[in-house]
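Reader: I would like to learn how to read the side-chain and helix packing of a protein model. Please take me through it by question and answer.

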Amino acid sequence: MGTTYAYIRVSTREQNEERQRNAMLDYGVAERNIILDKQSGKDFQRPGYQAMLRKLRPDDILVIKSIDRLGRNYSEILEQWKLLTKEKGVAIVVLDMPLLDTGEPMDLTRTLISDIVLQLFSYVAETERSLIHQRQAEGIAAAKARGQKFGRPKKHRPAEFEALKQAYQRGEISAREAARRLQISHVSFLAWVKS
């Protein structure tokens, strides 16, 4: 039997991973074998996940709290599941869904059920992600319709802008020098000149 690893993912730096970490420790995973990513699950290009892939060897066990901690993209979850179980020979334990546990002896029926449940939960995870984006877009559109402004407030052009703009256009000073005097970036200065 190989090494037992755990993979934990939270979507933002502000989210707390302790619930997942405690579940892994309770399962018996050594603290040094817990891999953490604080990043969205939209794809698998996460530093912790990629480092974990390099560590995993045949007969290792990978423990995750739930299927959506692995990722949110339906086709990529299935692709990674196949990579881990079939190509790398790793057993996967999903604490919230024991039916997906590939560490148990797999007969044909259990394999079939595991594959169906995995596809179903992967689909649900991706559908949920799509709904979140849709609700977010609808919320932004509604806020814009109410007149709510987004993004950084625009800087007001100081009174000396016009004189510096004319000096820049005559070639007397550089855009960087004009921007320095206005205490803005030269990119902002050039944008103001163009508008």
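The following exchange concerns aromatic rings, buried residues and helix packing.

Reader: What kind of model is this, and how are residues numbered?

Author: Residues are numbered from 1 along each chain as its sequence is written, and side-chain values use heavy atoms, with hydrogens and water left out. Local features need pLDDT of at least 70, side-chain atom pairs count only at pLDDT 80 or more, and totals for chains, interfaces and linings use all residues, for this is a predicted model.

Reader: How many aromatic pairs are there?

Author: Rings of Phe, Tyr and Trp (its six-membered ring) pair if their centres lie within 6.5 Å; planes under 30 degrees apart count as stacked, over 60 as edge-to-face and the rest as tilted. By this rule, the number of aromatic pairs is five.

Reader: Which class does the pair of Tyr-7 and Tyr-49 belong to, and where do the two residues lie?

Author: Tyr-7 is in strand 1 (residues 4-10) and Tyr-49 is in helix 2 (residues 47-55), so the pair links parts of the chain 42 residues apart. Helices (H or I, at least four residues) and strands (E, at least two) are DSSP runs, numbered from the N terminus. The ring centres of Tyr-7 and Tyr-49 are 5.4 Å apart and the planes stand at 80°, so the class is edge-to-face.

Reader: Are Tyr-7 and Tyr-49 buried or exposed?

Author: Buried means under 20% relative accessible area, exposed over 50%, and partly exposed in between (1.4 Å probe, protein chains only). Both Tyr-7 and Tyr-49 are buried.

Reader: Which ring faces does Arg-46 lie over?

Author: A charge sits over a ring if NZ of Lys or CZ of Arg is within 6 Å of the ring centre and within 35 degrees of the ring normal. Arg-46 is placed 4.7 Å from the ring centre of Phe-44, and 5.5 Å from that of Tyr-49. The faces are those of Phe-44 and Tyr-49.

Reader: Why does Val-29 count as buried?

Author: Val-29 is in the loop between helix 1 (18-27) and strand 2 (34-38). Leaving aside neighbours within four places in sequence, Val-29 is in contact (heavy atoms within 4.5 Å) with residues including Thr-4, Met-24 and Val-63. Val-29 counts as buried because its relative accessibility is 4%.

Reader: How are helix 6 and helix 8 oriented to each other?

Author: Axes are lines fitted to C-alpha atoms, for helices over the stretch in contact, and angles run from 0 to 180 degrees between N-to-C directions. The axes of helix 6 and helix 8 are 11 Å apart, at an angle of about 90°. Angles under 35 degrees count as roughly parallel, over 145 as roughly antiparallel, 65 to 115 as roughly perpendicular and the rest as oblique. Helix 6 is therefore, with respect to helix 8, roughly perpendicular.

Reader: What classes of residue make up the contact of helix 6 with helix 8?

Author: Among the residues that meet are Phe-161 and Lys-165 in helix 6, and Phe-189 and Trp-192 in helix 8. Ala, Val, Leu, Ile, Met, Phe, Trp, Tyr, Cys and Pro count as nonpolar, Asp, Glu, Lys and Arg as charged, and the others, Gly among them, as polar. The residues of this contact divide into seven nonpolar, one polar and one charged.

Reader: Which residues form the cluster of ring pairs?

Author: Both Phe-161 and Phe-189 are buried. Ring pairs build a cluster from Phe-161, Tyr-168, Phe-189 and Trp-192.
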